[in-house]
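Trainee: I'm new to this one. Could you walk me through how its parts fit together?

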Amino acid sequence: MFDPYYLQQLAIGLSQGVIYALMAIGFTLIFGVLNVVNFAHGEIYTLGAFVGLLVITALAPPLLVVVLVVAAVGAAFGVGLERIAFKPFRRFSDEASLKSRAMRESTLMSSLAVSIVAREGLELAFGSQMQTLPFDQLINKPIALGPITIVTGDVIIFAVAAVMLIGLQWLLTRTRVGLAIRAVSANPLGAKYVGIDTDRTIILTFAIGSMMGAAAGVLVGLYYGAIFPAMGFVPGIKAFVAMVMGGLSSIPGAVICALLLGLSEGLATTFISSNWADMVAYGFLIVTLIFFPQGLFGAGRERV
Amino acid sequence: MTLIRRTFIGLALAAPVLFVASADAADAIRLGYQLPLTGNTAQYGQDFKTAAEIALDRFNASGRLPVKVEIVYEDSRSDAKEGVAIARKFVDDEKIVGVLGDFTSGVSIAAAQVYKEAGMPQLSQTASHPDFTKISEWQFRNITTQAGEGPYNANWILSKGYKKVAVIAEQTDWGQSVVQYFAAELAAKGGTVVFTEFFNRGLPDFRALITKIQRDKPDAIYTGFFYEDGANFLKQAKQLGVTTPIFSTSAAHNQKIVELAGADAEGLSLTTNFLPNSPRPEVKNFVDAWVKARGAEPGQFPAQAFDAVNIMLDAVVKTYPKTTRASVREALAATKDFPGVTGLTTFDANREPQKQLSKARVIGGQFTAVSE
Amino acid sequence: MSEIRRLIRPVPILLALVIFVAVPLGLAQFGKGYFFQIANLVLIFALLAASLHLVAGVAGLLHLGHAAFYGIGAYVAALLGTELKLGFLWGLPAGGLAAAVLALIVALPTMRLVSIYFAVATLAIGQMIHTVLLNWVSLTKGPNGVLLFSGIKLFGWAAKTPVAIYFVVAVVVAASIFAIHRLGHSYYGNALRSLREDDQCADAMGIDTVRLKIEVFTLSAFFAGIAGALWAYTTGYVSPTDFNFSNSILVLAMVVVGGLGSLPGAIIGAFLLILLPEVLRGFGDVRNVLVGLVMFFSILFLPKGLFGEVSALTFVRRHFGRSQNRVPGGEVGW
């Protein structure tokens, strides 16, 4: 008989992976369109969790409402973030600026600066300590599945991630908006020439991506029952890694890699001490990149 | 040339701020306090600051000295770079006769190198690194080291009849010493450590680790964590249906752990030397002032900070009017049976505090003293 | 005219005067260890930023794990000092070499990667090195860190006073930055720039891009290791938290804020991001928000950095260039 211990570890790894995936979806969407790293995505996630805390303590609505409200606020944050940290840097459209490395990396720094301000601001407002969410709202009631135990949150987060993924795939491949997003992602200048409102498309992408990031934040906050200003940092790195491993352009690829990452960490803990688990995850990444330099699901490199 | 000018203007604008000296009070005696007021560990630094303010207000109101004592707070962000710079700053200020802090051992040690060289007494409320007080005769601490707490806990667990113990601790200098001293005593007294593992601080998900612990079927779990990790661990242990008794150190003693983990914290046993519901008047006074300032009960660390400040102030009183860094050091080293909120404190020859420990358990959402 | 300009180059002389005369004299005037500490910190981070500039600025490769090599240098210097009793003169080059050797080993399989794949690989490498520093307790003493008591000794002379330590740091940093400067403005540097502008094109033109990347990555790690050794000796204590991801990002921020591709920019960025938090101490707990705001506005108004590459190149060519190499009518050839 197969040892239920491994099944349990598998389930735990999978639930970790789903959490990374939840974050990776929004991250990949934004990266795909702008082709720049958005350092502030982790802060959107944190802000989502804090907005969730405020909503829950003020109104105590059902979970679905909380997630929807947070997603709406997250979309607003996304639009704001785009306006502050990304839009100003599209003002230079001359050829020299477009080619300048420094100009291309400037949004990296502006999003980093925004994330610093947001995190430090949260620390000033709420303190760095963990905040408690009301216990009756948490999604961590155990469910016994034969020999293994999962919690309600695993199911909910899995469902939300699945809905997000399918919804996004539908949006991207079946709607005009999705078409515009893919066009901007493939070639911003070309998209502009064929009459796509690139600014609007980018804003929309930020709204959708940040909506998902904020929803992820509140769900994970409810899952662990504690939120704090620096909570977005580690999942942010993991989502980044999953996205690159998946090949940047593929959202399902990012999700699969996030699951792989979670699983490898979970299973690694079985064989080695948990403080070395990161080593396995990153080692896995390096090995993947050595054999698949464009990520697992990435398209071949095009001539720019 | 505009570029150079721009740069120089930037630097020139920055320069004057550097040299703005803080307004001096006539001939007040000064102490420095380096602590993280911002960053990931700001909650601890803010607690220490509140504790120090309570202690200082009391002291200045009591009129034990004809001059006022003031404390200069500097934010280190738990970053060694900033901690060392602050240390230099404190050393430069000739009015400062003693320094409190830092919070983490790493920053405390980095700063200690400066204090050692300059001859400045340094008293940390939390630096638990085994080598901290070995750096020089200028380093003191007001935290029971694991050399005392580990064996105490080992004997407690054995006396409850638990022989097989799983040990986990955070991967920090402190966590290392938690495991080391506990395991040594447990083995010496006939128990066995069936499982040892370190985890990285801030690990959100302990379930993989907990599942692994369960496989070894220990009688008890001994843990070295702070309250945040503790709350996560307790919640997830309960989710996975763990009923093994869990023991911990005084570092987890904070009402926040009950707040964060709720009913899942029930039954957590730990050692402490500070119980907010103790009837002793000094404890009651401190707890009342704290509740007034913060609205909740203080935990172990603020109590240690409060005592550290008071021990330092006491040393200043003893040396007055010949208060110098050297004389404060002598007075600190001579501290004996100082009656603080964490019990009586005596510094031994190695400038380590000797404290009495007591046992507590979370019963009905409260840390309650137990005698067993 | 050109004869005079060749002989008298005011800016380098001025810079040397400032670093070796004006700053120590000025700081000694105050008699404060604090200012020397900050000056040392600025110098060490200037070297770190300059070393990252080689990879991120000149070669245009986003490097997210630089602090790890800084850490290797610091650890090697500290462990050599404590375990083998080898002093500063051994620790300094050994720290640099160890970081370089490690960088070479990790670079061999990963340097084929381009753009963001490269960035995430360096992130992973940095995190792995940090994990090793933190968890390999028997070698690195793990989270306990390494205490280094020996201090800086050179040929029987011990640098004890703040001024002496400052001079040692300043000499090492100035020499290293000069080397980086010469490298960046050589044909080698131009090859690196071609890599940044268009690696496929550079490849087609016969530049061995993979090899070039491995070399520059290794070199940059070498200088980061030197900076690490300086940190170990000026602080006397190293622990893994000083070399985590946040520090990699801090150094990257210095390079970008100063101006990607510009060596003076990287140094100015280091100045700014080390001095700013100290200068803003008076504002209390909001100071870090202010640091973030300054970063944001500086990049908003000067998206090419405080001292962008083009202006930096013109500046350097005018004041540091070797006029004898100058071809009439052009500024090529150095």
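Trainee: How many residues of chain B are in contact with chain A?

Mentor: This is a predicted model, where local features need pLDDT of at least 70, side-chain atom pairs count only at pLDDT 80 or more, and totals for chains, interfaces and linings use all residues. Residues are numbered from 1 along each chain as its sequence is written, while chains are lettered from A and ligands numbered from 1 in the order in which they are written. Two residues are in contact if their C-beta atoms, placed from the backbone, lie within 7 Å. On that basis, chain A puts in 27 residues, and chain B puts in 32.

Trainee: Which element gives the largest share of the side of chain B that touches chain A?

Mentor: Helices (H or I, at least four residues) and strands (E, at least two) are DSSP runs, numbered from the N terminus. Elements supplying at least two residues each include β7 (192-199) and α8 (227-239) of chain B. The largest share, six residues, comes from α7(B).

Trainee: And where chain A touches chain C, which class of residue does chain A mostly bring, and how many?

Mentor: Here 37 residues of chain A meet 39 of chain C, and α5(A) gives the largest share of chain A's side, 16 residues. For the classes, Ala, Val, Leu, Ile, Met, Phe, Trp, Tyr, Cys and Pro count as nonpolar, Asp, Glu, Lys and Arg as charged, and the others, Gly among them, as polar. Chain A's side has five charged, eight polar and 24 nonpolar residues.

Trainee: Which helix gives the largest share of the largest nonpolar core?

Mentor: Such a core is a set of buried Ala, Val, Leu, Ile, Met, Phe, Trp, Tyr and Cys residues joined through C-beta atoms within 7 Å, buried meaning that 20 or more other C-beta atoms lie within 10 Å of a residue's own. This one has 332 residues, and A:Ala24, A:Ala214, C:Ala46 and C:Ala49 touch the most other members. The largest share, 20 residues, comes from helix α3 (residues 33-58) of chain C.

Trainee: What separation do the centres of the two domains of chain B have?

Mentor: An automatic or database domain assignment sets the bounds: domain 1 is 10-144 + 283-354 and domain 2 is 146-272. Their contact takes nine residues from domain 1 of chain B and twelve from domain 2 of chain B. Taken over C-alpha atoms, the centres are separated by 30 Å.

How values were computed:
A residue is buried if 20 or more other C-beta atoms lie within 10 Å of its own, exposed if 12 or fewer, and partly exposed in between; C-beta atoms are placed from the backbone.
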